[in-house]
Amino acid sequence: MSRPPSRSRPNVSLARALSKLGTASRAQARELILAGRVTVNGRTLMNPEVRVHPEGEAIAVDGEVVTRGRRVYLMMNKPDGAVTTRSDERGRRTVYDLLKDQDRRLFPVGRLDQRSQGLLLFTNDAQWANALMDPESKIPKVYEVRLDREMKDQDIERFRSGLILDDGYQSRPAKIKRLPRADGPWVEVAITEGKNRQVRRMMKALGYDVQVLIRTRIGPVALADLREGTVRILTPDEIRVLKVKTATRP
């Protein structure tokens, strides 16, 4: 007669365990592990695929034991020049410098490159973050973009149909419209993907240079009047609406 499996038997990879506990996304957890910053029961493990039990073992990051604590959801108005990383070997300001006394185990939901500005979400809820970043959720990310010159009508139509990027990736159809501004040619763009520097690369594929890029909205959550470089907690309604949208994705 076979013995029933023990609840304490290792059942997920270490990277997955950190994700389940809300410490980081799976990819960020792998980086932590490979950097030697993660211990299990006091022993440093550097294999992200080693099997552990997330509830039954003492998993620590930088010496601090990870527990399934309260979920935190923040939004930041990221300024131009800040990099979306915990530390920078070149000494540049990071988004974590702006988080100040917030929990350092929070991680960004997607990224904005150094020269991009605007809405950036942070959380310790890895499942929620992964669902938001999943293109199948079809949650729009909206940007206001100033270009080096006025966009041609035929290029706007090409943008709406999707473009082949510099690495051969075929982007999905996207929304775009001109914005009436006195300080140059601006457009508003909405995409449902989150490829690295995607809006800049889509514009480059059409021969345009992005001079300013500001993310103004993710789904129903808008940057609104949040001051540049500051952070606020998402409202219960904002969290609820985003959770509903990710839970009902096809």
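Buried means under 20% relative accessible area, exposed means over 50%, and partly exposed lies in between. Keep those cut-offs at hand as you work through this predicted model.

**Exercise 1. Find which residues salt-bridge in the pair Asp113 and Arg200, and decide whether each is buried or exposed.**

Solution.
Step 1: Asp113 forms a salt bridge with Arg200, and the closest N and O atoms are 3.0 Å apart.
Step 2: Place the two partners on the chain. Asp113 sits in the loop between strand S8 (107-108) and S9, while Arg200 belongs to helix H6; they are 87 residues apart, so to speak of distant parts of the chain being linked is fair.
Step 3: Asp113 is buried, and Arg200 is buried too.
Step 4: Look for further partners. A network of salt bridges links Asp113, Arg197 and Arg200.**Exercise 2. Describe how helix H6 is covered, and by what.**

Solution.
Step 1: Helix H6 spans residues 198-205, and six of its eight residues are buried.
Step 2: Name them: Gln198, Val199, Arg200, Arg201, Met202 and Met203.
Step 3: Turn to the surroundings. The cover over these buried residues includes S10, helix H5 (153-161), S11, S12 and S13.
Step 4: Move just past the helix, where Gly207 takes a positive phi of about 90°.

**Exercise 3. Which strands pair with S13, and in what sense?**

Solution.
Step 1: Begin with strand S13 itself, residues 210-218, where seven of the nine residues are buried.
Step 2: Strand S9 (residues 117-123) runs parallel to S13, joined by two bridges. Gly118 has Arg215 as its bridge partner in S13.
Step 3: Strand S10 (residues 141-147) pairs with S13 in the antiparallel sense over seven bridges. Here Glu144 is partnered by Ile214.
Step 4: Strand S14 (residues 221-222) is also antiparallel to S13, with two bridges, and Arg217 stands opposite Ala222.
Step 5: S13 and S14 make a hairpin with two residues between them, and Gly219 in the turn has a positive phi of about 60°.

**Exercise 4. Follow Glu144 from its strand to its salt-bridge partner.**

Solution.
Step 1: The side chain of Glu144 meets that of Arg181 in a salt bridge, at 2.7 Å from N to O.
Step 2: Glu144 is in strand S10 and Arg181 in the loop between S11 and S12, so the pair ties together parts 37 residues apart in sequence.
Step 3: Apply the cut-offs. Glu144 has a relative accessible area of 19% and is therefore buried, whereas Arg181, at 35%, counts as partly exposed.
Step 4: Look at the strands on either side of that loop. S11 (residues 175-179) and S12 (residues 186-191) run antiparallel and are joined by five bridges. They form a hairpin with six residues between them, and Gly184 in the turn has a positive phi of about 130°.

**Exercise 5. Where do the edges of the sheet S3-S2-S5-S6 lie?**

Solution.
Step 1: The four strands form an open sheet in that order, with antiparallel pairing.
Step 2: Strand S3 (43-44) and strand S6 (64-65) each have a single partner strand, so one side of each is left without a neighbour in the sheet; these two are the edges.
Step 3: Check a pair within the sheet. Three bridges join S2 (residues 38-40) to S5 (residues 59-61), and Val38 stands opposite Val61.

Terms used. Residues numbered from 1 in each chain as written. Predicted model: local features only at pLDDT ≥ 70, side-chain atom pairs only at ≥ 80, totals over all residues. Heavy atoms only, no water. Buried < 20%, exposed > 50% of the residue type's maximum accessible area, 1.4 Å probe, protein only. Pairing = 2+ DSSP bridges. Contact = heavy atoms within 4.5 Å. Salt bridge = Lys/Arg side-chain N within 4 Å of Asp/Glu carboxyl O.
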